[in-house]
Amino acid sequence: MTGKASMLSLLAKDRFASAAVVVLGFIALCAAVGPVLLGDLAVEQNLRAVNLPPFSIGHGWEFVLGSDSLGRSVAARLVVAAGTTMSVAVPAVLLSLTVGSAWGMWAGFSGGWRENVSMRVGDVILSFPSLLLAVVVLYVFTPSVANLIAVLAVARIPVYLRTARAEAAELRSRLFVDAARTFGTGSGAIIRRHIAPSVLPTLLTVAAVDFCFVMLTESSLSFLGIGIQPPDVSWGLMVAQGRQELQTAWWIAVFPGLAIVFTTVSAAMLAAWARVAGDPGQRWRLTLPRKERISA
Amino acid sequence: MFPLRQATPSRVPRAAVLLATGAVALTGACSVGGGSASDAGDTVRIVLPEEPPTLEPCDASLTATGRVTRSNITEPLTEREPATGEVQPKLATEWKQTSPTSWTFTLRDGVKFHDGSAFTAEDAAFSIDRTVSSDIGCNVDGYVFGDSELTTKVVDDTTLEVTSAEPDPILPLRLSFVEIVPAETDAEGKVREPVGTGPYRIEQWNQGVSLTLARYDGYWGTAPAYASARYVWRGEGSIRAAMVNSGEADIAVGLAPADGAGDAAVEYPNNETSYLRIDATKAPLDDIRVRRAINYALDKEGLVASVFAGLGEPAGQVVPDGVTGHNPDIEPWPYDMAKAKSLIKEAKADGVPVDRPITIIGRNGIYPKAAEAMEVAQNSLLEAGLRVEIKMLDVNAWLEYLLRPFPADIGPTLLQAQHGNQAGDAAFTMGQIYGSEGAQSSYGTPELDTLIEQAEQASGPERQEKFARALAHQNDEVVRDAVLAHMTGIIALSPNVEYEPNSATNDEMRLAEMRPVN
Amino acid sequence: MADPVTAPAEPLLRVEGVTKTFRVPGRSRRGGLRALDGVDLTLGRGETLGLVGESGCGKSTLARVLMLLERPDGGTVRTAGVDPFALRGKELLAWRRRIQMVFQDPYASLNPRLTAAQLIGEPWLTHRDIVPPERRAARVRELLELVGLRASDADRYPQEFSGGQRQRIGIARALALGPDVLICDEPVSALDLSVQAQVLNLLADLQAELGVSYLFISHDLSVVRHVAERVAVMYLGRVVESGPVDEVFAAPAHPYTAALLSAAPSLDAVREGSRERIVLKGEVPSPLDPPSGCRFRTRCWQAEPRCADVVPPFEPAPGGPGHRVACHLPLSDRAQATEHALQ
Amino acid sequence: MLTFLRRRIISSALPLLVVILGVFFLARLTGDPANLYLPLSATPEMRAEFAARNGFDQPVLVQFGDYLAQLVHLDFGESLRTAQPAAEAVLRAFPATLQLAGVTMLLAVVGAAVVGSLAAYRPNSAADRGASFLSATAASIPDFWFAIMGVLLFSVTLGWLPTSGTVGAAAWVLPVATLLIRPFGVLVQVVRGAMVSALSAPYVKVARSKGAGEARVVFGHALRNAGAPALTVAGDLAVGMLNGAVVVETIFGWPGIGKLMIDSILQRDFAVLQAAVLITALTIFALNILIDICYALLDARVRQGVMA
Amino acid sequence: MTVAMEVERLSVDVRTPAGRVRAVRDVSFTVHSGQAMALLGESGCGKSMTAQAIAGLLGPVAEVAGGAVRLDGVDVLGLDPASRRKLAGPGLAIVFQDALTALNPVYPVGTQLAEPFRIHEKLSRRAAREKAVELMDRVGIPEPRSRLNAYPHQFSGGMRQRLLIAMAVALRPAVLLADEPTTALDVTVQAQIMELLAELRTEQRMALVLITHDLAVAAEQADHVAVMYAGAVVETGPVAEVFRAPRHPYTRGLLDSVPAAGDRGTRLRSIDGAPPELADLPSGCAFRARCPLATERCATERPPLAETGPGRASACHYWKELADG
């Protein structure tokens with residue numbers, strides 16, 4: 001069995017995971033080429049064709065998902081927004097994942113006061129109203145994408161910190177870790193070689209769900225005006241702006257909302273699959289026909 | 001199957017009740033608010049966007065406070081008629097100017113405060129002093145009187161003399177903001193639940209939940225139709241609208257077109273005018289051609305039709321009709337993109353750095369779809385050949401840009417703003433917004449300053465004419481802003497209630513004008 | 001591996017008076033768990049020392065101390081005359097190469113996410129100079145074959161192997177650094193009988209081939225009797241008896257050793273008919289609160305008052321040379337033991 | 001157990017201080033509130049007066065010292081907005097959120113325990129996959145969307161429930177449902193995972209071998225063992241709820257602390273913000289300890305310090 | 001002697017990546033009241049699976065594919081779940097290997113010991129706890145009353161195993177399945193537990209099915225033995241006879257693998273290779289790849305479990321040669 005080929009064939013056997021890959025791939029494609037192809041269409045206002053209802057191509061294919069209150073194509077904005085959203089959500093999630101999990105693994109592996117202090121720092125962040133943090137940072141600095149990412153990442157670090165710490169503390173006493181110590185392997189190398197590969201799958205699952213949180217938080221920040229700045233558009237901003245019109249033009253907020261849901265659910269499904277597929281001890285389960293599979 | 005749209009508990013489906021009561025039972029008693037679920041028909045139920053922070057009359061120039069307090073709980077000496085702009089008697093029956101700086105008011109007899117005490121000139125003098133000359137930081141003081149000082153003199157129980165340091169031709173109008181409270185009121189601090197002479201008194205303020213006013217039986221004037229009024233507040237416009245549609249409220253205020261009030265929606269001009277303030281001190285905005293181009297480039301008709309959902313009226317000046325100083329000759333700038341482009345090109349040819357990025361400083365929620373409006377503006381200005389970015393801010397951050405001193409290190413800006421002249425006189429507009437040193441002004445010219453100053457001293461028709469001239473000068477020679485539209489407000493009105501909103505409704509919502517249908 | 005520092009008389013491994021107390025939450029340091037309480041051991045070059053005892057007697061803690069996974073509170077550990085706890089950096093790494101460990105549980109001691117080749121090559125990621133990178137794949141294949149696996153097994157994951165094969169991987173990994181001493185902590189107790197025999201044979205072959213010494217920890221007396229030349233018996237953190245395997249097994253001097261030998265089930269039941277056995281009363285006392293004097297006295301059938309007062313010294317036993325016992329009333333032969341116990 | 005709690009309380013007190021400190025200074029970084037509270041045309045004298053009245057003319061460190069001194073006397077300062085004591089506003093709003101969050105968490109935990117257990121009972125059955133998919137979806141539905149749609153459907157169109165408010169049992173349905181979806185979705189997944197492993201534990205077989213019925217096996221034996229991970233996550237979700245019930249409180253006019261906190265951030269009403277954060281931090285602190293106690297009640301090993 | 005339980009041609013299938021695999025194949029044996037039967041074999045040979053199939057505790061991936069388990073003449077495999085639950089405890093009980101995980105960590109042992117009485121005899125909480133005290137006393141736990149509210153982790157391994165046994169014998173079952181009851185225990189404790197089981201057996205006239213991999217334990221405790229290999233029984237008979245003169249090469253190989261006194265330093269005779277994958281059983285005899293006696297016949301013809309003497313049977317074509325050689 002060669003790595004890549006077998007992974008692909010495993011993936012093909014799981015309908016849910018394959019669907020998730022297709023959805024995420026499509027979104028990635030939109031994010032990558034959407035702004036180039038549809039960038040103008042997404043900002044082109046047509047004040048004489050506002051709030052067109054969706055599922056009609058009477059006004060041209062670009063209005064298949066309706067138009068917003070400035071007569072812009074919702075479909076085009078969705079596609080372009082995918083890029084902005086991903087450029088915020090992905091780095092934010094990755095950043096909090098990286099920092100939180102590295103810190104958590106270190107804390108859990110080291111134990112003692114390091115562990116205690118780390119947990120307390122996590123407590124502080126968690127019991128802090130993250131919106132205050134956001135308002136402060138984006139007030140003192142400017143609401144740029146980088147600051148947005150930083151704020152979202154900091155607010156979510158404790159989630160990974162806690163999970164990683166708990167798992168690392170458990171792994172710390174595992175025999176294979178002891179074995180590595182007997183070779184003289186340093187702590188850093190043990191974390192890298194033994195702790196991280198075991199902890200990351202769980203963290204990835206957390207990260208998948210966190211995607212949603214980050215996108216929705218970005219939406220509330222946009223609503224306060226400290227999120228993505230127009231004419232850039234993100235799903236969160238679309239949701240925030242469309243929220244005012246839920247009663248009269250539901251599609252403006254619902255489609256980006258659905259995009260968030262789809263992305264999150266797909267990411268969660270894929271993470272669940274990857275968790276099993278990435279574990280050599282569990283991988284065989286995926287080769288079973290669906291009906292006969294038992295769960296991890 | 002669902003006979004009534006009333007959410008009395010007995011009509012809620014069993015499952016829902018079970019679920020909820022189970023939940024309540026599990027956490028012990030959980031009733032958060034008091035009050036009965038069904039109000040009799042003699043209560044008018046009003047849903048506001050926010051809870052009044054206080055009912056302190058000397059802060060009544062705050063919309064959230066004034067909306068409840070003014071003319072309901074407390075009353076001023078004079079009252080401005082929104083329709084005509086005329087100043088009408090209220091607790092004062094008549095007044096006359098006895099010298100350029102002093103006025104004598106004759107007060108109404110037989111008026112009683114809610115605590116039963118009689119209203120005298122003593123009370124009126126106390127209220128004016130408390131509002132204008134005290135240290136308690138009254139909002140009305142700053143809003144209406146600025147740094148001008150008043151002195152009062154009680155002549156007899158029904159006669160009061162008010163003197164200003166400088167001549168003030170519109171003193172009676174200014175005094176329409178001073179709500180009268182009994183002399184026993186705390187002079188050193190603010191009160192949250194005032195005693196007044198108004199048709200309603202405060203019955204119960206269940207903070208966070210609801211506020212009930214009850215008809216005051218000893219009211220000197222005509223008794224209002226409703227025995228009581230109950231205010232609740234919901235932050236979400238669509239919920240406010242839904243409450244009227246579901247019969248939970250009779251009147252919902254502060255709605256946006258998209259809130260879905262449907263047939264219940266009633267539109268009214270709300271005296272607000274939206275505009276973009278142009279920071280004419282910085283290039284390229286220091287070139288008048290560019291400022292003119294901006295005015296030409298904005299499609300006000302399109303903006304009103306789309307973003308404001310047809311509500312509002314393209315405008316050419318921040319002083320609307322009905323306010324002293326309105327200039328009927330100033331037309332909205334025509335939408336002429338070609339002209340805008342050529343002006344920009346011309347400026348560019350003269351070395352004006354039109355490529356320098358201009359920032360639109362917007363404020364979320366300043367009016368419905370504020371961000372979208374700025375996107376439209378941005379779109380037009382980009383087309384005209386300028387480089388424009390948007391920065392939407394929350395109120396406090398935005399205020400930093402609105403008011404002097406302005407933040408340092410910012411480039412050229414266009415500031416999203418809205419001006420409402422509640423007082424009905426251009427004096428409340430011109431100095432602040434167009435004066436070189438005005439609190440909200442980023443740019444002025446000596447000529448304009450002179451014109452404004454002259455107008456402020458004038459009275460009668462001369463006052464109107466002078467302000468109008470100043471406005472015209474601004475519009476032709478200074479071009480310091482791009483006025484967008486006179487705005488329209490929406491309230492939702494239940495079919496059971498008869499009420500006609502007017503331009504003052506936002507700031508002063510008179511319960512006495514509401515009556516049940518038949 | 002000639003080491004000029006080592007005096008010829010110095011045994012490869014010498015443990016003297018090692019104590020180790022674990023802190024227990026809610027108790028003072030002195031009231032902690034005494035896992036090791038003055039342990040003495042020596043292991044010579046090419047020798048196999050069996051270490052037997054029941055769970056909780058401290059034999060695994062001793063192994064962990066020898067591997068520097070735990071730091072002792074007192075006593076000395078010398079490997080070829082060097083105190084490993086004083087070593088740092090490169091010296092420590094060099095020392096690590098000389099002493100390696102085979103773990104009890106071949107399931108838990110192999111990271112399930114790594115392949116056999118990665119597992120075996122893992123020590124080289126730390127000891128980079130021992131095998132040049134381009135040689136590593138070949139060396140893994142050699143090691144696999146050395147422990148009786150196929151070179152083609154290199155890319156398989158631990159869970160694709162049987163228990164015995166996994167233990168072979170564990171052994172190969174321990175051998176990757178070319179150690180002089182292998183600490184084998186219950187290396188075959190998780191294995192099936194037929195496989196256990198294969199692994200024991202492998203260990204014997206490796207010793208013959210590579211000359212490694214074994215500290216062979218086991219609770220299975222028959223296995224220890226088979227592999228070890230000398231044996232040490234532990235009870236509650238102390239070595240109670242040590243000596244040549246045959247002698248200790250044939251004539252245990254400590255009552256505990258006798259009970260242990262007697263309790264072990266044996267096929268002889270079938271061959272020789274049923275026998276009487278010593279069944280000890282009660283439980284092993286908690287190491288948190290060990291009995292005073294002789295640790296075994298609470299379960300010993302011949303305990304006297306002085307057993308509670310005086311810790312019996314670890315002295316030569318009545319039997320042959322090299323046989324030592326820590327008992328005030330050592331048994332003289334096995335028959336005597338049984339006889340006393342059954343009274 | 002007491003030692004354990006004492007240590008936990010001591011080690012959590014420091015974070016509490018950091019939170020107080022952080023909020024104080026961060027709040028002051030968000031700009032001068034004078035603009036918000038004074039009329040646009042306010043004169044410089046009025047501004048100076050405002051600053052003096054509220055102590056903003058002092059250096060921040062002096063302000064902080066004053067604040068701490070007041071705190072010692074349980075004086076939380078006065079709201080800029082309402083001129084009332086900040087503590088009063090906070091103590092009025094807090095129970096409302098606590099009740100809402102309490103009811104929601106209770107329903108979420110009970111509901112997730114049942115649904116998660118049933119899903120785990122037959123792993124990868126249709127019911128399990130359905131539950132997993134629905135819970136993943138529930139966990140990612142934008143709450144305000146759910147809320148407004150709920151109001152449109154149940155209040156405006158069907159007339160079954162009031163749109164908002166706090167009076168009467170029916171008024172609880174939509175706020176609780178809105179607040180419930182995400183925690184419920186997350187918890188179902190957690191419970192399911194923990195139950196899958198609990199149900200494969202040997203003691204479950206032992207229980208069956210004693211002739212125990214399936215309900216007893218699942219809810220009596222396995223569920224309590226699956227409690228710990230669910231409890232951890234439920235605790236985090238409850239913390240999030242105290243800080244994040246803003247949407248629900250805003251939409252449904254629920255006079256809670258979340259909305260109070262956001263309003264006071266936007267209004268730069270420092271005293272109220274500080275008091276609100278302090279009380280939520282205290283609650284979170286208490287909640288964490290409560291969770292520790294729950295752990296101990298659930299599992300004697302924790303109680304006796306075998307596992308910490 | 002009364003037959004307590006009769007297992008007849010019991011087969012169990014397991015679902016694996018490669019499809020359904022027969023993990024237990026036509027296993028038959030009989031146990032009599034008061035006697036012990038050892039089910040002997042190495043890991044993966046299907047002995048635990050057999051026990052779980054008999055007790056009705058197979059996991060979600062395994063299911064009974066055929067055969068009968070008769071308890072008092074009734075085939076328990078054919079019973080509906082409710083009637084089957086009625087038998088669990090009074091009819092058939094099981095003791096697991098790992099007492100730490102087999103006791104529910106979150107309940108006091110008293111509660112767990114009382115459970116059988118609560119379920120089957122519908123006793124009150126108090127009465128059931130009294131019974132639990134009796135049980136603890138019965139299995140030799142000192143000071144039972146004061147330890148009723150203790151949790152499993154507060155007991156030593158041996159005590160835990162006693163608790164587990166107490167729970168199993170609470171309702172005086174006709175048959176007790178003991179799945180490696182002493183594997184995790186020290187030898188001195190193992191001796192105690194085995195003694196306890198023997199006592200209970202004689203006292204309660206209970207039939208014991210002892211599942212073990214330890215030849216010595218089987219030799220000391222059992223009357224009969226059934227040796228399993230690759231899911232099937234390869235040899236049965238009275239334990240003394242089987243161990244003295246095995247009639248299957250696998251039994252022989254096992255016996256030879258035990259290190260014996262006096263062979264130190266010599267190579268142990270082990271069975272070469274490893275047991276076959278159940279999913280990939282060779283044709284004919286499953287043991288032939290490792291068998292020194294294997295011939296071509298073994299590859300084509302699966303040897304049935306055939307009687308080789310009174311009470312003895314072997315599944316080898318060449319059992320005679322083995323007995324002679």
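Trainee: How much area do chain D and chain B bury between them?

Mentor: Keep in mind that this is a predicted model. The contact draws on 52 residues of chain D and 58 residues of chain B. Of the area buried, 62% lies on carbon and sulfur atoms. The total comes to about 4,500 Å².

Trainee: Which three residues supply 13% of the area that chain D buries against chain B?

Mentor: No other three residues of chain D give more of that area. One of the three, D:Arg81, also forms a salt bridge with B:Glu50. The trio is D:Leu40, D:Arg81 and D:Trp160.

Trainee: How far apart are the closest N and O atoms of D:Arg81 and B:Glu50?

Mentor: The count between chain D and chain B is one salt bridge, and D:Arg81 with B:Glu50 is a salt bridge across those chains. A salt bridge here needs the nitrogen within 4 Å of a carboxyl oxygen. For D:Arg81 and B:Glu50, the closest N and O atoms are 3.7 Å apart.

Trainee: Which element gives the largest share of the side of chain D that touches chain B?

Mentor: Across that interface there are five residue pairs in polar contact, both partners at pLDDT 80 or more. Helices giving two or more residues to chain D's side include α3 (44-54), α5 (86-121) and α8 (170-199). The largest share is six residues, and it comes from α5(D).

Trainee: Now for the other partner: how many salt bridges are there between chain D and chain E?

Mentor: Here 23 residues of chain D are in contact with 26 residues of chain E, and the two chains bury about 2,200 Å² between them. In one salt bridge, the side chains of D:Arg216 and E:Glu115 meet at 2.6 Å, N to O. The count for chain D and chain E is two salt bridges.

Trainee: How many charged residues are on the side of chain D that touches chain E?

Mentor: Elements giving two or more residues to that side are α9 (202-209), α10 (214-225) and α15 (300-303) of chain D. The residues divide into seven nonpolar and seven polar, with the charged ones making up the rest. That charged group numbers nine.

Trainee: What span should helix α7 of chain E have?

Mentor: This helix is mostly covered, with twelve of its 13 residues buried. Its end C-alpha atoms are 18 Å apart. At 1.5 Å a residue, the expected value agrees with that, so the helix should span 18 Å.

Notes: Residues are numbered from 1 along each chain as its sequence is written. Chains are lettered from A and ligands numbered from 1 in the order in which they are written. This is a predicted model: local features need pLDDT of at least 70, side-chain atom pairs count only at pLDDT 80 or more; totals for chains, interfaces and linings use all residues. Side-chain values use heavy atoms; hydrogens and water are left out. Contact means heavy atoms within 4.5 Å. Buried area is the accessible area (1.4 Å probe) that two parts lose on being put together, summed over both. A polar contact is a pair of N or O atoms within 3.5 Å; within protein, one must be able to donate a hydrogen and the other to accept it, and residues adjacent in sequence count only if both atoms are side-chain atoms. Helices (H or I, at least four residues) and strands (E, at least two) are DSSP runs, numbered from the N terminus. The expected span of a helix is 1.5 Å times one less than its number of residues. Buried means under 20% relative accessible area, exposed over 50%, partly exposed in between (1.4 Å probe, protein chains only). Ala, Val, Leu, Ile, Met, Phe, Trp, Tyr, Cys and Pro count as nonpolar, Asp, Glu, Lys and Arg as charged, and the others, Gly among them, as polar.
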